[in-house]
There are 2 protein chains.
Amino acid sequence: VGAYRDVAIKMAPYIKSGTIITDVGSVKMAAIDALQDFIPDHAYLLPGHPIAGTENSGPEAGFAELFQDRWWLLTPLENTPQDSVEKLKTLYTGFGSKIGIMPPEHHDRVLAMTSHLPHLIAYSIVDTCVKLEASMQQEVIAFSASGFRDFTRIAASDPTMWRDIFLNNRDAVLDGLQNFIDDLTILQTAIKQGDGDTLFDVFTRTRAVRRSIIDQRQHVPEEAKKN
Amino acid sequence: VGAYRDVAIKMAPYIKSGTIITDVGSVKMAAIDALQDFIPDHAYLLPGHPIAGTENSGPEAGFAELFQDRWWLLTPLENTPQDSVEKLKTLYTGFGSKIGIMPPEHHDRVLAMTSHLPHLIAYSIVDTCVKLEASMQQEVIAFSASGFRDFTRIAASDPTMWRDIFLNNRDAVLDGLQNFIDDLTILQTAIKQGDGDTLFDVFTRTRAVRRSIIDQRQHVPEEAKKN
């Protein structure tokens, strides 16, 4: 995301009339800020974001089914022609993707919660392990149970990409992070005070979210349909 | 873990001479506290903990390969005879498990980091989602990317079991949690200040932990071998 402006400046002189300019970055407002001044009037900016990928990066990390059954979010600007939206829809549906359409600022708030904040937390807990004394760290690595092992996978993602995501979706990430720290402090206090009821209530209602994810795997939320 | 004392009281009168009493709970110091007063002198307490399992619970969640290639940690007390350790080793090796032996208080500190703290964090971030306005929550569920989706799986674990783990491994969990909150605050400050270098450094060193986990998958750490 940090490279968009330089790329836009370099490519601007070669953009033909009627070209649709899109991208695949994880933040959309910053992408628009970086690109829109350099897109000529005869071309159309239509930012996009496939919710697909692994902790690996680069062309070698691609595989044929990468976009199959995954969401590809499009975030049209006010002046993006509907025709451009239809063209990209056709292209990405051809990859096997499901299409979601939403305003760019809304995209950034949703992704802060579903992707950016979980990555920040995973990086952070793995860093807590890095700071342990060496023998303890070695045992944490050896006996890493499913919780910690899952976090290390996420925390192995590309550092440059993630640095740029956090720098470019600052406000939404900081809002979500503060909510998370507040909620975690409630659990911290409950453990300190031996308050099992609070722990049980939280752990019970979080189960429902998991069920919703499994149930709704194939559904487009109403809000995304409308936009 | 919260049920140990009652079970111990009920089974105590029926324990024959030479019986080895073991368990499979996620905390060991509290297990010993709950059990040892009720184990007759003619029997041997040898707490254990298989690092295996899924977010599902109960007998129906079992499967034949559950313990295959997984660690089974044994935490002998000072008066546990070596013969009992050998017997359980033989039994669990027969299940396909790898055996690790360590003091119970050490087990509780390692597991706080590898399992208990990651579960607490996963529960907490999913609870942050529960508190979002309904339409936003629906979209977070629909577009949950790999980070958040992984967390919801962990946060669907049994509420009673996890309440009891946190209440019974309080000090080790609270220590780890405070370290985690401190580390997360460093990242929060870096994002606020636009300090990309700090973010990049943290995200780079966490990658090394993932590599260690992949490399050391089959190794017994030296400390566990010695004990």
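Two strands are taken to pair if DSSP finds at least two bridges between them. In this predicted model, strand β4 (residues 71-74) of chain B and strand β5 (residues 98-101) of chain B meet that criterion, pairing in the parallel sense over four bridges. Within this pairing, B:Leu73 lies opposite B:Gly100 of β5(B). The connection from β4(B) to β5(B) passes through helix α3 (residues 82-94) of chain B, and the resulting β-α-β crossover is right-handed.

β4(B) is also joined to strand β3 (residues 48-50) of chain B, in this case by three bridges and with the strands running antiparallel. Here B:Gly48 stands opposite B:Leu74 of β4(B). In a regular strand, side chains alternate between the two faces of the sheet. Both faces of β4(B) are covered: B:Trp71 and B:Leu73 are buried on one side, and B:Trp72 and B:Leu74 are buried on the other.

The association of the two chains was examined next. Contacts link 96 residues of chain A with 97 residues of chain B. The size of an interface is often expressed as the accessible area lost when the parts come together. Between chain A and chain B the buried area is about 9,200 Å², and carbon and sulfur atoms give 69% of it.

Polar interactions between chain A and chain B comprise 28 residue pairs in polar contact, and six salt bridges are counted between these chains. One of the salt bridges joins the side chains of B:Asp150 and A:Arg153, at 2.7 Å from N to O. Several elements of chain A each supply at least two residues to the side that touches chain B, among them β4 (71-74), α4 (104-130) and α8 (170-192). The greatest contribution to that side of chain A comes from α4(A), with 18 residues.

Note on methods
Residues are numbered from 1 along each chain as its sequence is written. Chains are lettered from A and ligands numbered from 1 in the order in which they are written. This is a predicted model: local features need pLDDT of at least 70, side-chain atom pairs count only at pLDDT 80 or more; totals for chains, interfaces and linings use all residues. Side-chain values use heavy atoms; hydrogens and water are left out. Buried means under 20% relative accessible area, exposed over 50%, partly exposed in between (1.4 Å probe, protein chains only). A crossover is right-handed if, with the strands pointing away from the viewer, the path from the first strand over the helix to the second runs clockwise. Contact means heavy atoms within 4.5 Å. Buried area is the accessible area (1.4 Å probe) that two parts lose on being put together, summed over both. A salt bridge is a side-chain nitrogen of Lys or Arg within 4 Å of a carboxyl oxygen of Asp or Glu. A polar contact is a pair of N or O atoms within 3.5 Å; within protein, one must be able to donate a hydrogen and the other to accept it, and residues adjacent in sequence count only if both atoms are side-chain atoms.
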